[in-house]
Amino acid sequence: MSKADKTILVFGATGQQGGSVAKALRSAGWRVRAFVRNPDNANAKALAATGIELARGDLADSQSINDAMAGIHGVFSVQPSSGQGAAYGVTDEDEVRYGTAVADIALKNGVRHFVYSSTGAAGPDKTGMGHFDSKSEIEAHVRGLDMVHTIVRPSAFMEILMLPGMGLDKGEFTFFMHADQQMQFIAVEDIGKIVAGIFSEPERYSSRTIEIASDAVTGKDLATKFSAVAARTIGYRRFPDSLLEQNPFLGTLAKLADDGRLTGNADIAALHEAFPGLLTFDQWLEGAGRDALLAAINATGDTVSLR
Ligand SMILES: NC(=O)c1ccc[n+]([C@@H]2O[C@H](COP(=O)([O-])OP(=O)(O)OC[C@H]3O[C@@H](n4cnc5c(N)ncnc54)[C@H](OP(=O)(O)O)[C@@H]3O)[C@@H](O)[C@H]2O)c1
């Protein structure tokens, strides 16, 4: 059977990661079924317009997950973020329950290749961030199942740099790494390219856990790059210690940047070789990132919202 006869079920397809994966799988010639809560919403309709089949369901409803798995070859599993800043009111326990249920139901349905998207900071040691540790727990569960699987751990998305509250509108960008410290990033669209590549070579990627990122930049690099696009000076400094002390969420993330788990350890050169076409930070900033940066500079906002 060729790709055109095999269907991959994609979770979160109306969102960032799932949307990127659904699009890349379609471009690579797979049949795609998207698991959506509301087939009538604009994002779901846009998926359907590209030939993607819609399966209505909810992660809280195991029967709907099971129904969506009928005749499926592969599954891309991602859950909405949990905890502070999460848009969906999902608790850390919900995220674990959803992620383990999708994997168990995939196993029961004889799925041939299961790809779970975790996060770069996941691993054997607790991070103290609920929405990272939930992913470590799901990873361990997936690894324990007798099913061909691959786990990807995306680094921070380039897109999160444009969220409100990090000073772009005030001419000084603030983030977690120190000015001379590198942090790895990935453009959301590249997650799809990598996952589509993984589905096309199951033997090569079976039972592997792969950190994924496409570039690494320092705080100073960001200042230089943002200033060039904005045609005005934008400085960089790390979030001030006073803020990190007051705000345990940001403080814990800063500690994870210090110990390297947030800044990332992906083998970027190997990823560019294995998955041609991944975007450098400059390429992203010349394309989709440019408008996002200019909008962030012209916006007003004072809350930090990171997932
Ligand atoms: N931000 C980062 O830098 C970063 C880095 C690594 C990993 N992550 C992780 O990436 C994951 C999510 O990624 P994202 O940004 O792609 O998500 P997103 O854009 O927020 O989209 C969430 C998706 O989940 C769906 N959804 C929400 N509740 C659901 C439910 N009960 N049942 C079924 N579907 C449901 C939404 O569908 P509807 O259309 O129905 O709302 C939407 O498609 C999170 O776990 C996050 O922690 C983030």
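Helices here are DSSP runs of H or I with at least four residues, and strands are runs of E with at least two, both numbered from the N terminus. With that in mind, helix H1 (16-27) and strand E7 (156-157) each supply at least two residues of the shell around the ligand.

Before going on, I should say that this is a predicted model, in which local features need pLDDT of at least 70 and side-chain atom pairs count only at pLDDT 80 or more, while totals for chains, interfaces and linings use all residues. Residues are numbered from 1 along each chain as its sequence is written, and side-chain values use heavy atoms, with hydrogens and water left out.

The ligand is surrounded by 25 residues (those with a heavy atom within 4 Å of it), and the closest are Thr14, Gln17, Arg37, Leu59 and Gln79.

Turning to the backbone, a ligand oxygen sits 3.1 Å from a polar backbone atom of glycine 15, a ligand oxygen is also found 2.9 Å from a polar backbone atom of glutamine 16, and a nitrogen of the ligand is 2.9 Å from a backbone N or O atom of leucine 59. Of the 950 Å² of accessible area that the ligand has on its own, the protein covers 91% (Shrake-Rupley method, 1.4 Å probe).

Where does the ligand lie with respect to the domains? Domain 1 (3-154) and domain 2 (156-186 + 214-264 + 279-298), whose bounds come from an automatic or database assignment, both give residues to the shell, so the ligand lies between them. Their centres, taken over C-alpha atoms, are 28 Å apart, and 13 residues of domain 1 are in contact with ten of domain 2 (heavy atoms within 4.5 Å).

Key:
Polar contact = N/O pair within 3.5 Å; in protein donor to acceptor, adjacent residues only side chain to side chain.
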